[in-house]
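Open the structure in your viewer and keep the selection panel at hand. The stops below say what to pick and what to look for there.

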Amino acid sequence: MDEQAFRLEVRQWIKENFPEEWRFPPHRLSLRQTETWQRKLYEKGWSAPNWPKEYGGMGLTAYQQISFQQAFDAHGINIAPNMAVTMLGPLLIRYGTEAQKQYYLPRILSGEIRWCQGYSEPGAGSDLAGLRTSAVLQGDHFIVNGQKIWTSYAHEADMIFMLVRTDKEAKKQEGISFLLGDMKAPGITIRRIKNLTGSSEFCEVFFDNVKIPKENIVGQLNQGWTMAKSLLGSERITIGSPRVAKYPLQLLGKLAKERGLMENPEFRAQYDALRLDVADLDATFVRFAEVLRRGEELGPEVSLLKIWITETYQRVTDLMIEITGEAAVLDEMLVLADGAQVHPANHYFASRPASIYGGTNEIQRNILAKAILELPG
Amino acid sequence: MIDLKTRIDRFSDQQRMIQESAASFFSDAGNYKRIRERRGIAPGYDQSVWKAMADLGWLGFWLPEKYDGMGLGFAEASLLLEQGGRALAPEPLISAALMAGGAILHGDNEGLKAECLPRLMAGDWKPALAWQEAESSQQTESSSVTAVAQSGGFALTGSKYFIPAAEGADAFVVAARTPSGTALFLVDKGSAGTVIETHPRVDGGFFGTLKLAGVRVSASRCVASPGMGRAVLDRVLDEGRLAASAELLGVMSRALEISVAYIRQREQFGRPIGSFQALQHRAVDLFILVELSRSVLAHGAAVFDASPDPARRAVAASQAKARCSDAALKVAKGCVQLHGGIGYTDECDIGLFLKKSMVLATWLGSAAHHRRRYGELVAEAV
């Protein structure tokens, strides 16, 4: 099918199947809240645009993934990303055992198992390799003790993919392993964290002598860091996706139109500059995604996508606040003529962690300075 | 520093060849010493380098093969122009060959095409495009320059501004208003009633002003008939914008390389200053702008190569020119800052890059102009 026809099909199908009341939601929806929709996507075979077809993905080229995603954004669909699809799946496909692939991949696609990601710890943020949650092999199980933080949707998750320390003596990067744990296992406590918007997507997860079967290790013992890094690479391209700013930009456009600002030269100059900031990132994203499509690896250069799009996102929310005036600080939903609901302050808040998660933008700049510009340490 | 283009982009054999031969040509054509020596000396470029470009067939890089041109796509041409930008080459490849020559090619005078294009390609004859009628105006519908029909031809009156390589041009392709719309005419240098004023630019080159006082042009020298002049101008202007973006990319990427090398070796407080995070982060921000520019240019070239549709090309040209103009200025200024005091001296090469960026960034519409144009051309998705 040619690209144009496919695009039309996607738009049409979304229009027919996505619940009207979930369009342009005031808060990002969770996977659990949108279970019925996830199911429809799965039945349509559209759960994993980025996976190869042989594993039940759509096998789309990176370029096609972008245009596929655009159809969702344009329709006002704002659902938390499925980390298992974007991160865990590609990792299992690459490093998992045959048994792990056969068991987990279909269940990721169907949504039967919902996942969360356990990386950061209170003492291991930017310095992720300093993580201390320990896993000690005893018989057929790892015994896990420690604490993870910033674990999005841990309270909705069935399983967690996590980094743990399996060798305390080794160099910090060399003693880390990658485990898959059951969130219902005894010894796990979840505490939700309220963020600046007042919602609680984030959680802390405490592990107190939690048993994880030893076959739940992905890859080799103490090889977790290498895999995590390859995962961080693909995470960075995901969090460097143009869509990070597209949806808020669209809301900004709606707000501006309603306020009659589209003909205001001062606003237009700022707005058009932002549109180009996003369009130009699109062109860059395509160029980077092309590398993945060829089956090659992306390295530290993906950091530039993340820096640019998250800071563009923040400029978009700055302007949202600017044009909304005093109404911007009301803790209320603005309902626009087309029914879209906007809470400008919450977008302003939600754009804050964008330059923090997945490695702060300062860390990303350090990475680029050292690995690409080859500046001295 | 690692060259990201080499690392992540893939090129065809032809593209690699063009890139390599251009890189070696411009390094042979002399370093920045050549640029310094030419500053302020008319015509502002090297006739011998121009001839050497002709020998390589480059003056016809944009011409279809039926005119014995190289028939390069914009993806390929950008690589050539980028190398020219890196070398700060002042030769008017864009303004004389691609734009003035292109106006002749896209016009409707077959006789002129046969007469002019081979001579242009051979490097023996150079046209200049005289279209602009006011500062900061990208208006292609002629208004103040008029062509009044006379027996067997027209009489042209008015002034054209900001003409690159006017000095050294053998003829001018002049846009003028007729009762049936804009037309383009070929006016030979030295024609009765013409005066050329040259104004030195900050980069050592020149802009010319062409004053026309009832200059007689025969109908056979009409490059594009009344009514079609504007479309031809719009086409070559957008091509010029994309091409200028490619040069800007070359200018900014080379400036950054020079500056990164400088902060690696320059020591203060007993360490290379490039080890300081403040400078590293500044350099990274410039690097991001260079790569955005490269992406936008590649996207623009692909759009141009895919379609002659003026509407799509206009969007792509504005997108590229907006980003590359803005980025080149930011990069060049940032590079002066990375150099410290020495960056403000004339002896340091980095200033040459700032000045070249200024010229190319303002020419054919500034970043602000093209952001506005993009905003007008592309409907918001709301």
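The tour goes from a whole chain to single residues, then to the places where parts meet. Keep in mind throughout that this is a predicted model.

**Stop 1: all of chain B**

Select chain B and show it as a cartoon. Count the elements: twelve helices and ten strands. Turn the chain along its principal axes, and its C-alpha atoms fill a box of roughly 80 × 50 × 40 Å. How does the radius of gyration of chain B agree with that of a compact globule? A compact globule of 382 residues would come out near 21 Å, and chain B has 21 Å, so the two agree.

Now colour by burial. Of the 382 residues in chain B, 52% count as buried. Look at the contacts too, leaving out pairs with a separation below 6. Of the contacts that remain in chain B, 75% join residues 24 or more positions apart.

**Stop 2: a strand residue, B:Thr182**

Select residues 181-188 of chain B. This is strand β5, and B:Thr182 lies in it. Is B:Thr182 buried or exposed? B:Thr182 counts as buried because 24 C-beta neighbours lie inside 10 Å, and the cut-off for buried is 20 or more.

Next, show its partners, skipping residues up to four places away in sequence. B:Thr182 touches B:Glu141 and B:Ser142. B:Ala175 and B:Arg177 are also on the list, as are B:Gly229 and B:Arg230. Then draw a distance from B:Thr182 to B:Leu233. The pair is 51 residues apart in sequence, and the C-alpha atoms are 9.4 Å apart in space.

**Stop 3: helix α10 of chain B**

Select residues 310-339 of chain B. Helix α10 has 30 residues. From first C-alpha to last it reaches 42 Å, close to the 44 Å expected at 1.5 Å a residue. The helix is mostly covered, with 22 of its 30 residues buried. Step past the end of α10(B) to B:Gly340, which follows the helix and has a positive phi, near 70 degrees.

Go back into the helix and pick B:Ala317, which is found in α10 of chain B. Why does B:Ala317 count as buried? The reason is its 30 C-beta neighbours inside 10 Å. Leaving aside residues up to four places away in sequence, B:Ala317 touches B:Asp238, B:Arg241, B:Leu242 and B:Gly300. For a longer line on screen, join B:Ala317 to B:Val202. These two are 115 residues apart in sequence and 25 Å apart in space, C-alpha to C-alpha.

**Stop 4: where chain A meets chain B**

Show both chains. The contact takes 31 residues from chain A and 32 residues from chain B. On chain A, highlight α7 (243-258), α8 (265-293), α9 (303-324) and α11 (361-372), each of which supplies at least two residues of the side that touches chain B. Which helix gives the largest share of that side of chain A? It is α8(A), with 13 residues. Colour the chain A side by class: 17 residues are nonpolar, four polar and ten charged.

**Stop 5: domains of chain A**

Hide chain B. The domain assignment splits chain A into domain 1 (3-80), domain 2 (115-222) and domain 3 (240-372). Select domains 1 and 3 of chain A; their C-alpha centres lie 20 Å apart. The contact between them takes ten residues from domain 1 and 13 residues from domain 3. On the domain 1 side, five of the residues are nonpolar, four polar and one charged.

Key. Residues numbered from 1 in each chain as written. Chains lettered and ligands numbered in written order. Predicted model: local features only at pLDDT ≥ 70, side-chain atom pairs only at ≥ 80, totals over all residues. Contact = placed C-beta atoms within 7 Å. Helix = DSSP H or I, 4+ residues; strand = E, 2+ residues; numbered from the N terminus. Nonpolar A, V, L, I, M, F, W, Y, C, P; charged D, E, K, R; others polar. Buried ≥ 20, exposed ≤ 12 C-beta atoms within 10 Å, placed from the backbone. Expected span 1.5 Å × (residues − 1). Domains from an automatic or database assignment. Rg over C-alpha atoms; globule rule 2.2 N^0.38 Å.
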